[in-house]
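Grab your viewer and work through a few exercises on charged side chains. Each one has a task and a worked solution.

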Amino acid sequence: MTIVNIYLTFNGNCEDAFNFYKEVFGGELKDLSRFNEIPKEDENYQDLSEEEGNKLMHVSLPISKETVLMGSDAGGEWAPHIKPGNNFSISINTDSKEKADVFFNKLSQGGVVTMPMDNTFWGSYFGMCTDQFGINWMVSVESIK
């Protein structure tokens, strides 16, 4: 099964925003992780200031059985580029690497790959791209072993 949700990107105030959304929609924040939790052996690891390390790398807020609002703070070289209008992605979660690759390859055709599909330290097969129309996409398969 394939599920589509919205992924919001913030410039340092993701935690404040998601606490607000929690008040609006109810529920509990899930999967909260910070940039300082990236393992040192991961290729994406970099030394961060305490402030940068405490920013949210990922958080989710289930809204209904089918819908999850997700988000993160922008980090590193991406932070200066985040502004209203480009601060969201459409997140596609599917159930196989094959489907994920098909979606990703088609969406990125004529666009820009910002993170190629690959296995991640958090256990997903994941990639990011911007399509030829300027829409940001995240494609993932959860719990890849």
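**Exercise 1.** Decide whether arginine 34 is buried or exposed.

Solution. Keep in mind that this is a predicted model. Arginine 34 has a relative accessibility of 17%. Buried means under 20%, so arginine 34 counts as buried.

**Exercise 2.** Find the salt-bridge partner of arginine 34 and work out which parts of the chain the pair ties together.

Solution. Start with the contact: arginine 34 pairs with glutamate 15, and their closest N and O atoms sit 3.0 Å apart. The cut-off is within 4 Å, so this one qualifies as a salt bridge. Next, place both ends: arginine 34 belongs to strand β2 (residues 30-34), while glutamate 15 belongs to helix α1 (residues 14-25). The pair therefore ties together parts that are 19 residues apart in sequence. As for glutamate 15, its relative accessible area of 31% makes it partly exposed.

**Exercise 3.** Count the salt bridges in the whole structure, then track down the others.

Solution. The full search turns up 3 salt bridges. Besides the arginine 34 and glutamate 15 pair, glutamate 52 bridges to lysine 55, with 2.9 Å between the closest N and O atoms. Aspartate 95 bridges to lysine 99, where that separation is 3.0 Å.

**Exercise 4.** For these two lysine pairs, sort each residue as buried or partly exposed.

Solution. Take glutamate 52 to begin with: at 26% relative accessible area, it is partly exposed. Its partner lysine 55, at 12%, is buried. Now the other pair: aspartate 95 comes in at 45%, partly exposed, and lysine 99 at 35% is partly exposed too.

Conventions. Residues are numbered from 1 along each chain as its sequence is written. This is a predicted model: local features need pLDDT of at least 70, side-chain atom pairs count only at pLDDT 80 or more; totals for chains, interfaces and linings use all residues. Side-chain values use heavy atoms; hydrogens and water are left out. A salt bridge is a side-chain nitrogen of Lys or Arg within 4 Å of a carboxyl oxygen of Asp or Glu. Helices (H or I, at least four residues) and strands (E, at least two) are DSSP runs, numbered from the N terminus. Buried means under 20% relative accessible area, exposed over 50%, partly exposed in between (1.4 Å probe, protein chains only).
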